[in-house]
Amino acid sequence: MRAKTRRYRQIALVAVAAAVLLGVNVPPAFSYVQEWRHERLINSPDYKAQYGHWDTIEVPPDNRVNSIHAVLLSTGKVLLIAGSGNKEDMFATKALKSLVYDPTTGQSRMIPVPDDMFCGGQTVLPDGRVLFAGGTQRYEKLDGAVTNAAGAMRVKNESPDGPRFLPAGTEFVAPSGQKYKSDFDVTVPPATKAGVGRRTQVTAAEEKVFVESEAPGPQAVNGNRDKYTVSGLPAADSKNVYGIGEPMTLDKQDYQGTNKAYTFDPKTEAWTQLPDMNQPRWYPTLTPLSDGNVLTVAGLDGVGQVLNGLSEEFNPRTNTWIDRRNTLTQYFPTYPALFETEKPRQIVYTGSNAGYGPATEGRTPGFWDINTGAFTPIPGLRDPQLMETSGSSWIGPVQDQRLAVVGGGGVGESPVSSARIDFLNLKDPAPHFTPGPNLAQPTRYPNLVNLPDDTTLITNGSLDYRGKGATNNHLAYTLDPATNQLTPMADPRIGRDYHTESLLLPDGRVLVAGSDPLFDDEKNTVPGTFEQRIEIFTPPYLESGAPRPTISSAPPTMTRGQTVTIPTPDASRIAKARLIRTSSATHVTTSDMRDVALDMQKTPDGVSVTVPNEATIVPPGPYMLFLVDDKGVPSEAKIVDVP
């Protein structure tokens with residue numbers, strides 16, 4: 001120890017002497033020494049064995065993207081989706097991007113995307129394809145930037161004889177004579193007809209489209225909900241097709257969603273277009289269900305308004321959308337955190353969300369029965385007004401049915417945030433939130449990742465909205481569900497806040513990407529720079545020096561209820577086996593991640609594992625199979641399908 005101290009003093013004296021000779025300040029010289037000592041410390045074997053280690057990956061310049069969405073593919077590669085990446089110039093030029101990154105080789109490949117997937121929703125389907133739905137139809141315009149009065153037009157069709165298509169540029173004329181043009185195509189379904197003879201009732205069909213006044217200035221502002229005529233229609237249609245205008249204003253205009261949907265095939269690494277959704281969606285949540293369908297909820301619609309209910313399901317067997325607007329009318333803010341419980345088609349909403357929506361609606365956590373639409377609130381959550389940009393996930397094996405809610409902040413650009421971690425035990429006879437440990441500081445945008453040793457890694461985030469005031473926290477912890485305790489991990493080198501995501505890799509490490517700060521300086525004067533570097537965290541269990549257990553082979557498919565022998569030369573020290581679903585993440589929303597415990601028996605040549613019978617515990621899809629030894633060290637995973 002004395003030798004080390006002497007060595008540091010020698011370096012300090014050399015640095016001071018150099019500072020004097022070069023005429024520079026001594027404090028920077030000491031800063032250099034402190035940095036040198038810090039680097040030596042965090043790279044030491046003892047430190048890494050206790051706290052883990054972060055590595056920064058510089059992606060080649062031509063392959064850098066503003067990562068908004070991340071998905072672990074069934075090939076072990078990572079799909080990073082940018083779309084326009086929150087860059088309006090990229091949106092205008094249709095420079096829309098996605099990147100496939102291979103963490104085993106470091107190789108990456110840019111793949112253009114066919115529509116702007118910026119701020120849509122994503123999940124992994126049972127067959128391993130990535131489902132992506134929604135995205136950006138139009139960027140927001142802030143107060144002061146709106147020159148032409150605009151708003152939503154509810155287009156009505158009173159004819160039951162067929163749909164009516166109105167192309168972009170269709171003109172709507174107000175009673176005052178003011179003219180407004182639609183920005184996008186709209187197809188209005190036929191009216192519905194019931195009864196016969198004098199008892200016949202016709203109910204007009206309706207679709208919304210965004211319109212802007214043809215003339216700039218305040219004269220086109222119209223706060224009335226007037227009836228508008230549609231120019232250029234045939235006489236037979238002119239009395240049946242018309243518009244009901246919502247207020248036309250010069251106020252801020254929000255982002256607008258698209259109804260486009262695609263799949264990405266991990267094998268061919270190509271995008272394929274699907275039929276359109278029933279609703280445009282920007283900031284939606286896609287939650288996989290135990291029957292293989294995908295519940296699709298919330299978002300901003302095609303005129304920038306929060307969808308009020310209007311949920312739908314995607315059926316991956318037929319590649320079709322099932323409209324649930326008449327049965328699922330529950331209102332949610334955008335990107336709500338939704339998980340299917342062990343009861344089929346019962347959803348739990350933790351209250352976590354990513355914004356957009358009034359502070360008084362859709363914020364209460366609860367159970368949502370998607371067969372009946374019934375919603376039952378769940379009590380006990382601390383700081384319930386600070387759930388925007390909070391993180392939620394299952395903790396420990398999903399059979400335990402325990403969830404954690406982590407951090408969060410006030411609605412919109414509120415500077416207030418929370419350090420709260422609360423737990424929710426769904427097996428409690430009367431489920432309610434209970435207090436857990438607090439983070440070291442209040443945190444928005446925490447990323448949560450289930451690890452194969454049953455702990456959950458919590459990383460990054462910021463004190464203020466989008467890291468304002470240079471408040472990224474550079475912190476990481478593991479949360480142990482067995483003790484409900486946090487353990488500090490090595491500090492991430494890169495601060496990350498909004499538009500960041502993290503994923504567990506098959507080798508047991510964690511990849512973190514993205515970050516979109518509003519400003520780059522403490523005084524909030526320099527516009528923010530999107531973080532395009534990747535960081536990979538190696539947990540302490542891979543830095544202890546203990547040998548990793550190995551899986552000699554695994555079947556490509558493991559069915560529910562099946563018992564499978566997994567050969568391994570390390571059977572004597574294997575303590576548990578886990579399936580962790582290949583997951584996706586965006587905006588601190590990860591609805592498809594889960595850690596499944598497998599019943600295990602040791603055999604002469606390996607271990608025998610049994611997959612749970614329940615589809616709600618093991619929904620269909622690709623999983624990473626890990627064997628974990630008695631020191632908590634996991635094997636490298638084999639990716640298997642649960643059909």
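**Figure 1. A salt bridge between two strands, R154 and E206, in a predicted model.** At 22% relative accessibility, R154 counts as partly exposed, because a residue in this category must lie between the limits of 20% for buried and 50% for exposed. E206, with a relative accessibility of 32%, likewise counts as partly exposed. The side chains of R154 and E206 meet in a salt bridge, with 3.2 Å from N to O. This pair links distant parts of the chain, since R154 belongs to strand β9 (residues 150-157) and E206 to strand β16, and the two residues are 52 residues apart. In general terms, side chains of opposite charge can pair when their charged atoms come close.

**Figure 2. The closed barrel that contains β9 and β16.** Six strands form this barrel, and they run in the order β9-β16-β12-β11-β17-β18 with antiparallel pairing. Direction ignored, neighbouring strands of this sheet are turned by 40 degrees against each other on average. Within the barrel, strand β12 (residues 179-182) is joined to strand β16 (residues 205-213) by 3 bridges, and these two strands run antiparallel. One residue to look for in this view is S182, whose bridge partner in β16 is V211. As background, strands of a sheet pair through backbone hydrogen bonds, either parallel or antiparallel.

**Figure 3. Aromatic rings that pair across the chain.** The structure holds 20 aromatic pairs. In one of them, the ring centres of Y180 and Y228 are 5.7 Å apart and the ring planes stand at 75 degrees, so the pair is edge-to-face. Y180 lies in strand β12 and Y228 in strand β17 (residues 227-230), so that this pair, with its members 48 residues apart, links distant parts of the chain. Y180 counts as buried at a relative accessibility of 1%, and Y228 is buried as well, with a relative accessible area of 0%. A second pair is made by Y255 and W282, whose ring centres are 4.3 Å apart and whose planes are at 10 degrees, so this pair is stacked. Here too, distant parts of the chain are linked: Y255 is in the loop between β18 (241-245) and β19 (256-257), whereas W282 is in the loop between β21 (270-273) and β22 (285-288), 27 residues apart. Y255 counts as buried at 7% relative accessibility, and W282 is buried with a relative accessible area of 0%. Ring pairs also link Y255 and W282 into a cluster with F91, F118, Y139, Y283, Y335 and Y356.

**Figure 4. Charged side chains placed over aromatic rings.** The charged end of K227 sits over the ring of Y242, at 4.3 Å from the centre of that ring. In another such arrangement, R402 lies over the face of F423, and the distance to the ring centre is 4.9 Å.

**Figure 5. An open sheet with two edge strands.** The 5 strands of this open sheet have the order β5-β4-β3-β2-β43, with antiparallel pairing. β5 (108-112) and β43 (584-585) stand at the edges and each has a single partner strand, so one side of each is left without a neighbour in the sheet. Strand β2 (residues 69-72) is joined to β43 by 2 bridges, and the two run antiparallel. A70 has A585 as its bridge partner in β43.

**Figure 6. The hairpin of β34 and β35, with a salt bridge from its loop.** Strand β34 (residues 447-450) is covered on both faces, as N447 and V449 on one side and L448 and N450 on the other are all buried. In a regular strand the side chains alternate between the two faces of the sheet. β34 pairs with strand β35 (residues 456-459) in the antiparallel sense over 4 bridges, and V449 has L457 as its bridge partner in β35. The hairpin has 5 residues between its strands, and D454 takes a positive phi near 80 degrees. D454 also forms a salt bridge with R578, in which the closest N and O atoms are 2.9 Å apart. This pair links distant parts of the chain, from the loop between β34 and β35 to strand β42 (residues 574-581), with the two residues 124 residues apart. D454 counts as buried at 10% relative accessibility, and R578 counts as buried at 8%.

Methods:
Residues numbered from 1 in each chain as written. Predicted model: local features only at pLDDT ≥ 70, side-chain atom pairs only at ≥ 80, totals over all residues. Heavy atoms only, no water. Pairing = 2+ DSSP bridges. Axes fitted to C-alpha atoms, helices over the stretch in contact; angles between N-to-C directions. Phe/Tyr/Trp six-rings, centres within 6.5 Å; stacked < 30°, edge-to-face > 60°. Buried < 20%, exposed > 50% of the residue type's maximum accessible area, 1.4 Å probe, protein only. Lys NZ or Arg CZ within 6 Å of the ring centre and 35° of its normal. Salt bridge = Lys/Arg side-chain N within 4 Å of Asp/Glu carboxyl O.
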